[in-house]
Every structure is written in C-alpha cells, then in structure tokens.
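Welcome! Let's look at some of the words used to describe a protein model and ask what earns each one its place.

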Amino acid sequence: MNDDADQQHLAEANPGYASGQLARALSTALTHEDPDTRRRAGERQRAWRSVLAGMVNGLLTIGSRTPVRDLPAWVTPEVLRGGFATGAPSAGGPLTEYETEAARRAGVPLDRQALFAYWLSEDGLARLYELLDGGRYEVTVPEEAALLTVAWLARAGETDAALGLVEELAPFAGRLRFTPRPSTRPAPDAGTVHRRTVAEAGESLARRRTSEAVEAQREALAVWQPFGDELLAHWLETADAGQPTRVLTRAPDAAWHGQSAELLRRYRDLAGRHTRCTKHLKPKENLGVLRGALEETVAGRELDARRLGLLRHAVTSMVRRRGLPGSAELTALRGEQAAQAALPSHHALAQLVLRRLSGLDQQAGVAEVAPLVAAVGEEEARETGLPAGAVIPAGVRRPVEAALSAPLSTLVERGVVPSAEVLAELVPQLVAATTAQAYPDPALRTLAAAHHRAFAGRRSLLLLNLQRQVRAEELPWVRAVAGQRADGEAGAVSAVALRRLGELAVQAFPGTILPNSLVRELSVLARQADLGAPLVEELAADIFMGTFTPKFLAAARIAAELLGGGSLYERYYAIDYRAVRNLAIVETGEALTRSYGARTSPGFAKLCVERAEAGSPRSRRGGGSVAANGKVIEQAQILTTHNLATLVHRVGIEPAAGWPDLARRCFVTVCRLTGRVHGNPRPLGTIKDVAYAWRQLVFHLSLCTPGERARTLARLPEELTRHPGHVAGRLAPALTGLYQVAEGGRADEGTGRLLLGWTTDGHWLRPDPDPASASAG
C-alpha cells in the first residue's frame, strides 16, 4: 500500500507473467511429492486461471486501482504474487460457518442479502451492540468492520452517517460479508505481540517426523556395534596367544561351533527386528565379512585363501580401530555410544512439548517459554517412558520460542525477531493499537484497532501510471467515523510510538534497509503524528518509470538540513545539499508536474539521473536498462538517506547504543555480506546489500563527534581480521576512499574507490582478489 514502490510499465500488465505463474503452479500440482504442497499449488493454478480469463473477457483491468469490473476501489481484492487481482473479492465466496449459524439463529435464508437486512433490524443491531461492547470478534478483512461501524454510529445518534454508510454498502450486500467472526477471546493486549500463536507452534511440532537417518544411526550404535564386538571376540578365540589378529591359527572346538550357530541365530533375529541400518548386509563391510565367514564355517566348509585373507584383514582393521573386546578403551566407547543411543528422539520430545501446549489458549502467544521447554520431569517420564532429565533440543524449542508474547523490544533482544522483515510482520499489531487511540470511545477504539490489523494484511496491487494504493481513510466505514477522532492527543501518542519503533528498527538491524512493509506502517504513524516526516519506499529497478513523487524531494531536503554544511556523508557522496534545498524551495513554490494524473518532482528525477550518469561514458549509461534504473534509484536513496535523516531529524530517534556503536555494527554487516561475494556466480544482489550497509555506516559516522568518528574509523581494520582474507582484499579500496574523505579528500582518488551498489559496467567489488592483495589488506 505504497505510493511509489508499485509503479509499473504498461508492458508489465500482460498475460505473459500470469501464464508463467500458471505453468509453474500446474507443474507443482502434478509432480510434487508432498500432498499439501500439491493441494496449495492446485489452488494457485485455479486462481491464475481466473486471472487469465478475467484479462481476456474484460472482467479485470490489471494495473488499475479498481482492477475488478463493477467493484469500487475500497473492496479488498484477492491478489496473487506480482499484484495481480484474480477477480474475486477477499470478503466474498461461500458463506462462512459463522454466517450460516447467524442466519439459522435469525431464521433468515442462507444468503448474504438476507443476513445484511437482518443485521439492520432491531434484533440484529442488538447483537452487533453486544459484539461492540464485548470486543470478542476477529476482523480478518477490512469489510468485516463495516456493519459494526454502522451499529456504533446508530447507537451514537449519528443517524445520517449510519444511513449513508448503509446506502454505500447495500449494492454489495449479496456478495460481501460485512460482519466479523465472533470469538471467545478478548482483543489482543496492546503492549505485547507474538510472532506465532500456540496453535501455529503446535502445528510446526506436529509436522516433525522421525528422522530415518538418526534412527538408523541409533540402531547402529545400540544393536550392530555391540553385536560386531561379539563376533570379533568369537573369532579371536581361534587365534594364538599374542597374535590376536591371526584368527584360525588353531582349530576351533565343538563348543566354539555351537556358539557360532547361536550367534548366527541371534543375527537373523536382530536383522528381522532392526531394519533401519543396512550396513551389516553388505558383504564387503567388516561385519559382513565376519558373519559370512562364520556361516561358511558352521556349514562345514573350509575357508579358502581369499576368504581367510578377507577375514584376517577385517579382524585386524576392527582391532586397530576399536581395540580388543573387553579393553577399557572399547568399554568406555561403547558406554558413551549406548548413552547416546538411549537419548529420546526429537520426534518423541516434540510430542511431549506438544502435549504441554495443548492446555493453552491456541490462538494466543505464550507468556513464558521456559516451562514449556524444560527438561523431562519425573512424572512426565513415568507417563511417556522418556528418560527423566532429557533436554529439549534447540530444533524443538524454536517453534515455542517464536510464540513468546512480550513487548516487541524483548522479542528483538531474544532473537525471536531475527530481521527487519520479521519486525515488519509484527509492527501492525502495535500501530493498530496506537492509531486507535485517536478514538475516545472504547468500543470504537477496539474496532479501529481490529480494522487496522486487517487492513495491514491487504496485499498491494500492481499499479500503473503512478497510481497510489488505497489507503484506510478511503474506506467508507473509516470515513464515516472520521469525525470521531481526537487527533491532538492521539498525534502525540503516535509520535512516541513512531520514535520508539524507528529506534528499534535502526538499532536492532544496522546496515539493513527498512523493508517497504515496515515503511508503510511507520508512515501511518507519521501522518497521524503530523510531523512532516516523509518516509520513502525502496523502488524496484525492473519496473521503475523514471519519476519520483514529491515526497522524495521533501525527504532529500530534510537530509540537507541534517547533513548539509560539509558533513562526512555530504562529502563522501559529493552531494551539493545547498542545491537540493534550493530545488525543494523552487518546486514547493511552483505547481508540481503531473504524470498520468499523479504529482511528480521532475527536478529531483533530473538530479538523480545526472548524478547516476556522472563519470560514465555515454556509451555505457545503460539507457533504460535495469542497471541504469538501479543507478538512478540508488542516487535517490543516497540523497534521501533512505529514511535515516527523516527518522533522526524529524522523528527524533536517538538509539541508546549511540552512533559510533551503530557505525561499527554496520561495518560488521558490510564485512559479513562482502564475504558472500567470494565465489558467488551471481553476486550483484549481495553487492547491492553491501552498498546499503556501507551507506548507513557513512551516515552514522557523520553523526559522530570528530573524536568519536576518528576512533571508530581507526578500529575498522580490526574487524577485518575476524573475516576471511578476501574480505579485506575486496574492501581495501572502499576503506581507503572513506579515509581519504575523512581527511578532506575525495573517495575516488588514487587507490580509493567510491562504494556504490549499481553499475552499468562490471562492478569493481565482484572479482575475487588475488591472495597477495588479500593478505596485504
């Protein structure tokens, strides 16, 4: 739901992409070995067939804000990968179970039109009032909040607004569901979030299957290794004293032959019951050689020279590797192996943890993880047969840890939120609670929060001609209660939430670009806080249309206010921030250009193009290629600092770790990513990420005091020693360029290089450095 990240060329809205997706889904549905995967692929191929059919018969207009004929923009469409609408509304389809139950209780026909009329009756409104006051309902798509909004308006005496909303909804009453699913659970706690529910953790544990490889290894240790020791000891009885490996140097007696027959009987019994490990069946393996020779001897056949040689070689090898049966070394080894084999399987321990989860609220998170992943207790051992004190392995703990319900900062600290992308998944829960504070009425506040959580899950459409994704304030039921907002106090709350989330994202994941989904949620808070804090999305180079909306220039102006006047960042990237400020003043005072009806900033676009082409021969500028687009987009990210300056200068983030620590950690990210370039046949995506992290390094260094910056720069080479030598070899030119700028020069002087992510030529970071330069670095 962004303004710019979904820009597309008209050529992108053709059936080719959809046909390719259909072919892939069809292939998976027919050939994949997993039945669940085949089922999901079957659903996808049916959806892609709908897309293609809709494009052919005119039902769909791909690239429009209203992609489905006869459905307004506010209707949530079903959207597939790439932003293609299928033609089906997300709130449509067959009646849900709760709708069917509601119709039966009301005594009305089983169709949505009849249900819609019932909800507007006196009895229906009374039931909606109960839902509003209890807060026990789940809004899964935005439309499900519509009739609750009608009920709230009716009860609040806002009759005209309620009637107006009903009038707008009525034409779609037979197709869409406008009420939420009743729930037994109250509204979520605004102070805590969880990545997974208890039910989802349980599903993950239930999917764990017994590992055949692990069980085969367990069988080898518990059964076949000890039996091999017995066979070895039995053959050693035929060797002369002092020559334990020269078996059959003396004739075995009758007792030995009787024991041989018993060993072979036991072997057949073991082989029949223990079938996972098959190594003993191979005649050339040591155990197979000993067993085969014993069968020959028991059958009364004398071993020929070849068979005898194989037997003695096997015995010699086993004694050399294991030691003599009964020796202290072998006894100790077998004790360790027996203990290892006796450990319970991960599958069995997962079943135990699953049982512990069964008594919890399945649709919530868990307040405390430790009791759920504690070692097997005495009573549990008696009930399950698992050994008391057995430790729950990390692979079984992880799904439960992902269900921890706690403040977002706690989840980040504990590693439950490992990336900015996962952070973006959880932020809507907090933004929902924050934005809902604008409504003084508790029932309306709960409804607004539930609606925001649902709206955040609305998938972005493929849009052409700079059209903007639908915003929540455009939905009829949101507009109907807009006058109920008390934005003054709510704006202050949003500003605090925005600052805390901004600090968390920047501090927790240094060197990582803010994902678009997170930028969208932060933008909601920024608009409500009215801070004048434009946040910009990352644009895709393959669908870039060569234009930028005015907020990019506004963000660049904020960066100029923070970093202008000779900062390290301004000098490193050779930016004239005074010219950027002047451009912003000029364009703000003039009517901005409209491209296909959308406002654009031609001056900012021209500046980015000029900077992207600077220093490149005209023949190598790429002229509309993906790489050329990428260079222009990268210059926009450089000029705006891709939201860092806005978060610092307008939102007021102040990471507790401090700017020197963030700069150091950004360099750690740079080194880690650079290590992935080595030997990588397709490293350009990684190089782009290296440039992101490097840009943040330069930004954080620019906010340090001169002393802090000097000390941080001096310590960077020490970090290189913690990484492979080729990392230092690759980064040496970039570090030289950074030091040159810090000393008053330019980054591209002498052996220094300016580190950017995009190029229309071969990237200088790509070739593997020679060992000499790597060691010198």
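Q: What does "buried" mean for a residue here?
A: Buried means under 20% relative accessible area. In this predicted model, the residues of helix H31 (residues 706-720) that are buried are Arg-709, Thr-712, Leu-713, Leu-716, Glu-719 and Leu-720. They pack against helix H24 (568-572), helix H29 (659-675), helix H30 (684-702) and helix H32 (725-742).

Q: Why is Cys-671 called buried?
A: Cys-671 has a relative accessible area of 1%, and the cut-off is under 20%, so Cys-671 counts as buried.

Q: What makes Cys-277 buried?
A: Its relative accessible area is 12%. That value also meets the cut-off of under 20%, so the word applies to Cys-277.

Q: Why does Cys-671 form no bond with the closest cysteine sulfur?
A: That sulfur belongs to Cys-666 and is 11 Å away. A disulfide needs sulfur atoms within 2.5 Å, so this pair is too far apart for a bond. A search of the whole structure finds zero disulfides.

Q: Which residues touch the most other members of the largest nonpolar core?
A: In this core of 119 residues, they are Leu-408, Leu-423, Phe-548, Phe-667, Trp-694 and Leu-738. Among the contacts of Trp-694 are Tyr-572, Phe-667, Leu-738 and Leu-755, with residues up to four places away in sequence not counted.

Q: How do the axes of helix H18 (residues 420-435) and helix H19 (residues 442-456) cross?
A: They come within 8 Å and cross at roughly 140°, and the crossing is right-handed.

Methods:
Residues numbered from 1 in each chain as written. Predicted model: local features only at pLDDT ≥ 70, side-chain atom pairs only at ≥ 80, totals over all residues. Heavy atoms only, no water. Core = buried A, V, L, I, M, F, W, Y, C linked by side-chain atoms within 4.5 Å. Buried < 20%, exposed > 50% of the residue type's maximum accessible area, 1.4 Å probe, protein only. Contact = heavy atoms within 4.5 Å. Axes fitted to C-alpha atoms, helices over the stretch in contact; angles between N-to-C directions. Helix = DSSP H or I, 4+ residues; strand = E, 2+ residues; numbered from the N terminus. Left-handed = near helix turned anticlockwise from the far one by under 90°.
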